[in-house]
Amino acid sequence: MDLRNLTKNQHYISQVEQRLNAMNPKAKKENQRIYVFNVESRDLNPTVVLNSKKGVKIENNLSLIDLFSFDVLEDGEKYNFESLFNRYEKRIADNTKSLLAKIESNKNDIKDEVIYIFISKFINAIRNP
């Protein structure tokens, strides 16, 4: 697999998963937003507070510059794991939507979707700093 990829803004929670929870799922991708909450207290009665009623743009949320880049050359060429992550991300939305549709229609053949979603969640756990 070729690990050359120019992606600079690398998400540790995939945009695909964030879009599944977007506050405006029918909007264009570049305009989709997600709610962000701040943890105010972690004691016995944890408290969370909504950061902004407008939410934040998904394309800028939960990401860092060159987070998964392991080699950045002088000419700007980068080597990172984005291509590898994208292989799994492309199918997570389809499998999640398929699973929800099958549950809604009381179908029992959900094994493939559940396995794939589990694998994707495991990969995301590894990638989350």
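User: How many Å apart are the mean positions of the positive and negative charges of the protein chain?

Analyst: Happy to start there, with the reminder that this is a predicted model. The protein chain carries 21 positive and 18 negative charges. Taking the mean position of each set, the separation comes to 7 Å.

User: Thanks! Which pattern of helices and strands does the protein chain follow along the sequence?

Analyst: There are three helices and eight strands to place. Helix α1 covers residues 15-20, and helix α2 covers residues 82-104. Read along the sequence, the pattern is β-α-β-β-β-β-β-β-β-α-α.

User: What share of the contacts with a separation of 6 or more comes from residues 24 or more positions apart?

Analyst: For the setting, the C-alpha atoms fill a box of roughly 55 × 40 × 35 Å along the principal axes. Within the protein chain, buried residues make up 29% of the 129 residues. Among contacts with a separation of 6 or more, the share from residues 24 or more positions apart is 60%.

User: Is Glu17 buried or exposed?

Analyst: Glu17 sits in helix α1. Its relative accessible area is 10%, and the cut-off for buried is under 20%. Because 10% falls under that cut-off, Glu17 counts as buried.

User: Leaving aside neighbours within four places in sequence, which residues is Glu17 in contact with?

Analyst: Good follow-up for a buried residue like Glu17. Once the neighbours within four places in sequence are set aside, the contacts of Glu17 are Ile92, Lys121 and Asn124. Of these, Ile92 lies within the residue range 82-104 of helix α2, and the full set asked for is Ile92, Lys121 and Asn124.

User: Which elements give two or more residues to the nonpolar patch on the surface?

Analyst: The patch is formed by Met23, Tyr35, Phe37, Val39, Val48 and Leu50, with about 530 Å² of accessible area together. The elements that give it two or more residues are β3 (37-41) and β4 (47-50).

User: Where is Met23, a member of that patch, placed?

Analyst: Met23 has a relative accessibility of 31%, so it counts as partly exposed. As for its place, Met23 belongs to the loop between α1 and β2 (33-34).

User: How far apart in space are Ala101 and Lys54, C-alpha to C-alpha?

Analyst: Ala101 is found in helix α2 and is partly exposed, with a relative accessible area of 47%. In sequence, Ala101 and Lys54 are 47 residues apart. In space, their C-alpha to C-alpha distance is 29 Å.

Technical notes. Residues numbered from 1 in each chain as written. Predicted model: local features only at pLDDT ≥ 70, side-chain atom pairs only at ≥ 80, totals over all residues. Heavy atoms only, no water. Helix = DSSP H or I, 4+ residues; strand = E, 2+ residues; numbered from the N terminus. Buried < 20%, exposed > 50% of the residue type's maximum accessible area, 1.4 Å probe, protein only. Contact = heavy atoms within 4.5 Å. Patch = residues over 30% accessible without salt bridge, like charges linked within 9 Å, V, L, I, M, F, W, Y side chains within 5 Å. Areas by Shrake-Rupley, 256 points an atom, 1.4 Å probe, with all protein chains shown as cover. Salt bridge = Lys/Arg side-chain N within 4 Å of Asp/Glu carboxyl O. Lys, Arg positive; Asp, Glu negative; His and termini not counted. Charge placed at Lys NZ, Arg CZ, Asp CG, Glu CD.
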